[in-house]
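User: I am new to this structure and would be grateful for a close look at one part of it. Please take the last helix and its surroundings, and explain how that region is arranged.

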Amino acid sequence: MAFNPVEAPVYGGELFVINLGHPQTPGTPEEEEEEEEEENSGIASVSEEDELYLVLEGRMQTHVVTMKHTQNLVWQAPIPGHDCAERVYLSVIRRSTAEHFDCVAVGDFEYTCDSAYSLAQFLLNSVNDPNSLEDVELIRSDEFDLANEIFSTLDQRLCAAFRHIQFPEGWHHLGLDMEQDDSEPDCRETLLHLAGRLGLHDTALYLLGKPGSEDALGLINHEGRLPCAVAADNRFDDIAELFSG
């Protein structure tokens with residue numbers, strides 16, 4: 001059998017595909033013989049009508065996902081988000097009768113913290129530092145570098161990471177516990193300014209549902225621009241319209 005991918009970010013979302021009729025990357029003769037002994041009895045009897053389940057078992061969390069048959073001996077399933085970065089035990093389980101299940105494939109799978117996840121964590125905490133988003137070139141660390149991200153997929157990955165992360169209690173677009181602060185906020189670059197600058201539509205839409213979004217929409221940055229104006233300046237008209245409400 002062969003499956004792809006062999007790893008995914010902790011926020012999941014990718015599509016897991018397994019071909020039960022195709023050999024995995026060749027290993028040593030001993031490894032191939034051991035794998036063949038584990039799999040052959042199950043694979044030989046798998047048919048298109050079988051119910052298959054992807055099982056990912058970690059230290060504290062286990063996922064069971066129904067797989068969908070696509071063609072021949074190929075099945076797929078969405079990869080669920082996981083509670084931490086770790087190597088998990090992967091198995092594909094077949095339901096042969098109402099009460100009987102058997103394993104048709106096994107392997108290792110890795111959950112990782114990718115650059116989008118690390119960036120989302122940074123951005124989540126950036127609300128507490130009014131100067132943290134002023135220069136896109138400086139939004140970087142050992143785990144991420146915003147200026148060198150793959151922007152064609154960044155919006156999708158970043159939005160998925162935000163959806164996976166648990167926002168702290170009292171989180172606000174203009175800082176933690178901002179709702180209890182009666183002082184007027186200074187001009188600053190907010191997460192909505194950043195989303196409008198980079199064309200992060202899905203991320204912007206998600207962040208609009210978080211506390212303080214109305215305050216952020218009405219706040220100018222150091223260039224004197226509102227988030228909707230920043231989006232329009234960068235020709236992301238859909239985001240400008242979204243921010244204009």
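Analyst: A residue is called buried when its relative accessible area is under 20%, and exposed when that area is over 50%. With these terms, the helix α8 can be described; the model in which it appears is a predicted one.

The setting comes first. The protein has 245 residues, of which buried residues make up 43%. Its secondary structure consists of eight helices and nine strands. Of the contacts between residues at least 6 apart in sequence, 65% join residues that are at least 24 apart.

Helix α8 covers residues 237-244. Three of its residues, Ile239, Ala240 and Phe243, are buried. Because these residues cover an arc of only 105° around the axis, they are on the same side of α8. Asp237, Glu241 and Ser244 are exposed, and these residues are on the other side of the helix. As for the partners of the buried side, the buried residues of α8 pack against α4, α5, α6 and α7. Here α6 stands for residues 213-217 and α7 for residues 227-233.

The two ends of α8 also deserve attention. Before the helix, Arg235 is placed in the loop between α7 and α8. Arg235 has a phi near 65°, a positive value in a residue other than glycine. Most residues other than glycine have a negative phi. Arg235 counts as exposed because its relative accessibility is 74%, and the cut-off for that class is over 50%. After the helix comes Gly245, whose phi is also positive, near 65°.

Two of the helices that α8 packs against, α4 and α5, also take part in enclosing a small empty space. The structure holds one cavity of 30 Å³ or more, and the largest cavity contains about 40 Å³ of space. Its lining is formed by Leu123, Leu158, Phe162, Leu191, Leu194, Ala195, Leu200, Thr203 and Leu207. The elements that give two or more residues to this lining are α3 (151-164), α4 (191-198) and α5 (201-207). Helix α4 provides the largest share, with three residues. By class, eight of the lining residues are nonpolar, one is polar and none is charged.

One lining residue, Phe162, leads on to the interior of the protein. Phe162 is among the residues that touch the most other members of the largest nonpolar core, together with Phe16, Ile18, Leu20, Met67 and Phe109. This core has 61 residues, and helix α2 (residues 115-126) gives the most to it, with six residues.

A further residue connects several parts of this region. His173 is located in the loop between α3 and α4. His173 counts as buried because its relative accessibility is 1%, against a cut-off of under 20%. Leaving aside residues up to four places away in sequence, His173 touches Val127, Leu191, Leu192, Leu207, Lys210, Pro211, Gly212, Ser213 and Ala216. Leu191 and Leu207, named here as contacts of His173, are also in the lining of the largest cavity. His173 and Glu214 are 41 residues apart in sequence, whereas their C-alpha atoms are 9.0 Å apart in space.

To return to the helix itself, α8 has Ile239, Ala240 and Phe243 buried, and on its other side Asp237, Glu241 and Ser244 are exposed.

Note on methods
Residues numbered from 1 in each chain as written. Predicted model: local features only at pLDDT ≥ 70, side-chain atom pairs only at ≥ 80, totals over all residues. Heavy atoms only, no water. 1 Å grid on protein atoms, 1.4 Å probe; cavity = no way out; pocket = protein on both sides within 12 Å on 5 of 7 lines; lining within 4 Å. Points joined across faces, edges and corners; volume = space filled by probe spheres on them. Helix = DSSP H or I, 4+ residues; strand = E, 2+ residues; numbered from the N terminus. Nonpolar A, V, L, I, M, F, W, Y, C, P; charged D, E, K, R; others polar. Buried < 20%, exposed > 50% of the residue type's maximum accessible area, 1.4 Å probe, protein only. Arc of directions from axis to C-beta. Contact = heavy atoms within 4.5 Å. Core = buried A, V, L, I, M, F, W, Y, C linked by side-chain atoms within 4.5 Å.
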